[in-house]
Amino acid sequence: MDPIPAQTRSISPSPNPLYGLESVLQDEPIGVENEPTVQQVPASVPDHQELRRRSHTEPSDKDDVDFNEADQISEITDLNYPRVNCPEKIVICLDMSSEMNKLSFRSRSGDKFAPLKLIKRALGLFLQTKLRLNHYHQFALVIMQEEACWVCDFTYSAREIIHHLEEYSSTSECTSFDLSSVYNTLKENVELPVVLGDQSVIPPSHVVRVIFIYGRSQCQLNFSDKEAQKFLESSPYFFLDAFYIHEPVADDNKCEETFNTLCDLDCKGLSYIVEISRNPTKLHDYMAQLLAHPLQRPLQSDTAYKIQPPEEIR
């Protein structure tokens, strides 16, 4: 299958086979003691409208740009670094606004699920799978309401993060959110790796990846200060992936504006930015796509998750 050009690509690739775990639609808490049982679930109600990701060469509505993103993208994406499975320090930034507790996801069988419940289960499976791929990965947790709050420092234990995810159940009404609080919190708590010598030969001790999970359709995203973002993005070993959960796009919500703002966070062209609306199957598909190591995965515009029949493979 030929890659889809970035200029026309929508962030809704064909589902991959890593979906449908039995624990997703049950009430038992996720633990790390037992292996998850893999089982297909019925296809969910399709999205009514999908958001389109703007390419990096496509002009935005912003007139003032603090730094030349195109130059940064060219410089970083051409960087020749070792494509190794070095340890990741993954910071999960989870939205805890009241919109994350609305019943907006529905399966074909008619069952309804709150986004927060589904994303917590998907995160539990993500954490366990990442540790099976490399048990030196570490995880931290940031909770986002009116501002970002660092609640759990880096740990090798998936159980500890899962415990915090289950512990934080209360949400609050939020009218705005400043992305600066996320980057300032990361700058205060995250140590960026430094490679002394030839970066094309010597791998880093670790990479830092932020998984930004945001679920607000009515809340305006602001970005008052970009200094911390510039500092973090100056490292070739800092990555940010965005996971946007939203209501169907309409004139009376801010889904499209929010999604465009999240796309603008991808300063290097290396982020995976996905969006999902009311489809539990796709939610788990997209979370599975984030399992790939940022030093080893292709650009998102080059990915294809459809399995070809054997007769089509040459």
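The following dialogue examines how several terms apply to this predicted model.

Trainee: What makes β5 and β10 edge strands of the sheet?

Mentor: The open sheet has six strands in the order β5-β4-β1-β7-β9-β10, with mixed pairing. β5 (148–155) and β10 (273–276) each have a single partner strand, so one side of each is left without a neighbour in the sheet. From one strand to the next, the twist averages 15 degrees.

Trainee: How do you know that β1 and β4 pair?

Mentor: Two strands pair if at least two bridges are found between them. Strand β1 (residues 88–95) and strand β4 (residues 138–144) have seven bridges, in the parallel sense, and therefore they count as paired. Within β4, I143 is the bridge partner of L94.

Trainee: Why is S97 called buried?

Mentor: Buried means under 20% relative accessible area. S97 has 2% relative accessibility, and therefore it counts as buried. S97 lies in the loop between β1 and β2 (105–106). Leaving aside neighbours within four places in sequence, its contacts are M144, T171, S172, C174 and R216.

Trainee: What makes the pair S97 and R216 a polar contact?

Mentor: The limit for such a pair of N or O atoms is within 3.5 Å. The side chains of S97 and R216 make their contact at 3.5 Å, and therefore the pair satisfies that limit.

Trainee: Why is the pair E88 and R209 called a salt bridge?

Mentor: A salt bridge needs a side-chain nitrogen of Lys or Arg within 4 Å of a carboxyl oxygen of Asp or Glu. For E88 and R209 the N to O value is 2.7 Å, and therefore the rule is met. The pair links distant parts of the chain, with E88 in strand β1 and R209 in strand β7, 121 residues apart. R209 also meets D241 in a salt bridge at 2.9 Å, N to O. E88, K130, R209, D241 and R297 are linked in a network of salt bridges.

Trainee: How do you know that E88 and R209 are buried?

Mentor: The cut-off is under 20% relative accessible area. E88 has 1% and R209 has 0%, and therefore both count as buried.

Trainee: Why does E275 have no salt bridge with K282?

Mentor: A salt bridge requires the atoms to be within 4 Å. K282, the nearest side chain of opposite charge, is 6.9 Å away from the buried E275, and therefore the rule is not met. A polar contact of 2.7 Å does join the side chains of E275 and H246.

Conventions:
Residues numbered from 1 in each chain as written. Predicted model: local features only at pLDDT ≥ 70, side-chain atom pairs only at ≥ 80, totals over all residues. Heavy atoms only, no water. Helix = DSSP H or I, 4+ residues; strand = E, 2+ residues; numbered from the N terminus. Axes fitted to C-alpha atoms, helices over the stretch in contact; angles between N-to-C directions. Buried < 20%, exposed > 50% of the residue type's maximum accessible area, 1.4 Å probe, protein only. Contact = heavy atoms within 4.5 Å. Polar contact = N/O pair within 3.5 Å; in protein donor to acceptor, adjacent residues only side chain to side chain. Lys, Arg positive; Asp, Glu negative; His and termini not counted.
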